[in-house]
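User: Please take a close look at one part of this structure for me, in plain bench language. I'd like to know what sits around that part and how the rest of the chain frames it.

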Amino acid sequence: MAVDMDKLQEFLGRFVSDLGATFAAGSVVTGHHLGLYRALAGHPAAAAELAERTGTNSRYVAEWLRGQAAGGYVDYDPATDTYSMTEEQAFALANPDGGVYVPGAFVLALGMLKSEPRITEAFRTGGGMGWHEHDENVFIGCEQFFRPGYIANLIPSWIPALDDVQDKLRAGARVADIGCGLGASTILLAQEYPNSRFTGSDYHDQSIEIARKRAADAGVADRISFEVASAAGFSGAGYDLAATFHCLHDMGDPLAAARHVRQALKPDGTWLVVEPYAADEVAGNLNPVGRIYYNASTQLCVPNALSQPGGYALGAQAGEAAIRQVTTVAGFTRFRRAAGTPFNLVYEVRP
């Protein structure tokens with residue numbers, strides 16, 4: 001075997017970076033749970049001072065800070081032996097309501113990896129693993145990862161990008177949020193559009209239980225009804241808007257879900273489909289975003305789809321053409337890309 005040493009060193013550099021990120025994942029989640037990032041943001045500190053602020057052990061905090069500085073998640077001043085965070089670091093690591101919240105992604109990742117033995121065996125058998133069978137941190141982390149993007153985009157840009165939908169919501173509309181998980185998107189819509197009424201549905205009963213509590217805490221339970229139901233069996237009809245946020249590709253039978261959505265909409269209703277950003281061809285997804293989604297899809301999305309009847313396993317990088325095909329076969333006649341972000345593609349689908 002002829003090994004090009006320069007190419008080998010380049011590959012090993014990538015490996016070291018990946019391994020460092022993998023080892024750092026637990027520390028990021030620890031910082032999230034203990035409020036270490038929040039305590040450091042805007043208030044530089046030595047390890048002992050940060051430990052005092054957070055009621056933690058200074059030796060652990062010192063090692064944690066050194067690892068964070070080595071990874072570029074915090075800054076270190078050797079002259080004063082203190083640590084600090086830039087505005088950008090604080091925005092991404094210390095603000096769960098900002099446009100992106102990095103720790104949530106690591107909560108999701110660590111929860112996901114607990115199922116590695118099951119997924120490895122599924123490679124051999126072709127079996128699936130349902131969403132509901134995963135560790136609780138998968139549900140919590142998924143919401144923490146996606147909710148900041150909804151805060152940044154759902155009301156400010158995605159809804160306005162849909163024809164006539166914003167006016168309907170302001171006046172008073174009926175909305176179905178399908179596969180709503182912990183209800184983040186449903187609650188945001190209900191807070192913004194008090195004249196409208198919302199039905200959130202998910203097949204996972206524990207997620208719906210949490211969603212109901214969060215709606216009550218947010219003061220919008222009077223205009224949201226949550227139910228345990230599949231995407232092909234949620235209740236109600238005559239909806240002005242139906243929405244699926246990052247879940248159509250997870251379904252074993254997205255076509256059945258699409259047909260049910262069409263049946264449940266008014267003739268002039270709209271289906272808002274938000275899916276991970278993806279090109280139609282594999283080559284177009286061989287980038288950092290595609291890497292995240294392909295690997296998450298291997299552990300979560302494809303196993304969930306294969307655990308359900310229907311014969312589909314679109315995966316998180318299905319692409320626009322695959323989503324368009326599902327909606328077209330289901331009987332929808334209009335499909336367009338309405339908006340997008342580096343992580344999301346937003347489609348407007350109409351009967």
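Analyst: Let's fix one term before zooming in: a contact means heavy atoms within 4.5 Å. Keep in mind that this is a predicted model, where local features need pLDDT of at least 70, side-chain atom pairs count only at pLDDT 80 or more, and totals for chains, interfaces and linings use all residues. Residues are numbered from 1 along each chain as its sequence is written, and side-chain values use heavy atoms, with hydrogens and water left out.

I'll start with Asn153, which sits in helix H8. Helices here are DSSP runs of H or I with at least four residues, strands are runs of E with at least two, and both are numbered from the N terminus. At a relative accessible area of 18%, Asn153 is buried; the cut-offs are under 20% for buried, over 50% for exposed and partly exposed in between, using a 1.4 Å probe and protein chains only. If you skip neighbours within four places in sequence, Asn153 is in contact with Trp158 and Thr341.

Helix H8 (136-158) also leads us to helix H10, since H8 is among the elements that cover H10's buried residues. The cover also includes strands E3 (174-178), E4 (197-202), E5 (224-228) and E6 (239-245), along with helix H11 (205-217). In H10 (residues 184-192), 7 of the 9 residues are buried, so that helix is largely enclosed by the rest of the structure. The buried ones are Ala184, Ser185, Thr186, Ile187, Leu188, Leu189 and Ala190.

Now for another buried spot. Ala330 lies in the loop between helix H14 (320-329) and strand E8 (334-340), and its relative accessibility of 10% makes it count as buried. Not counting residues up to four places away in sequence, Ala330 touches Leu255, Ala258, Arg259 and Arg262. From Ala330 to Gly183 it's 26 Å, C-alpha to C-alpha, with their positions 147 residues apart in sequence.

Stepping back, the chain has 14 helices and 9 strands. Its radius of gyration is 22 Å, close to the 20 Å that the globule rule gives for 351 residues, so the chain is as compact as a globular protein of that length. That radius is taken over C-alpha atoms, and the rule is 2.2 Å times the number of residues to the power 0.38. Overall, 48% of the 351 residues count as buried. Of the contacts with a separation of 6 or more, 68% come from residues 24 or more positions apart.
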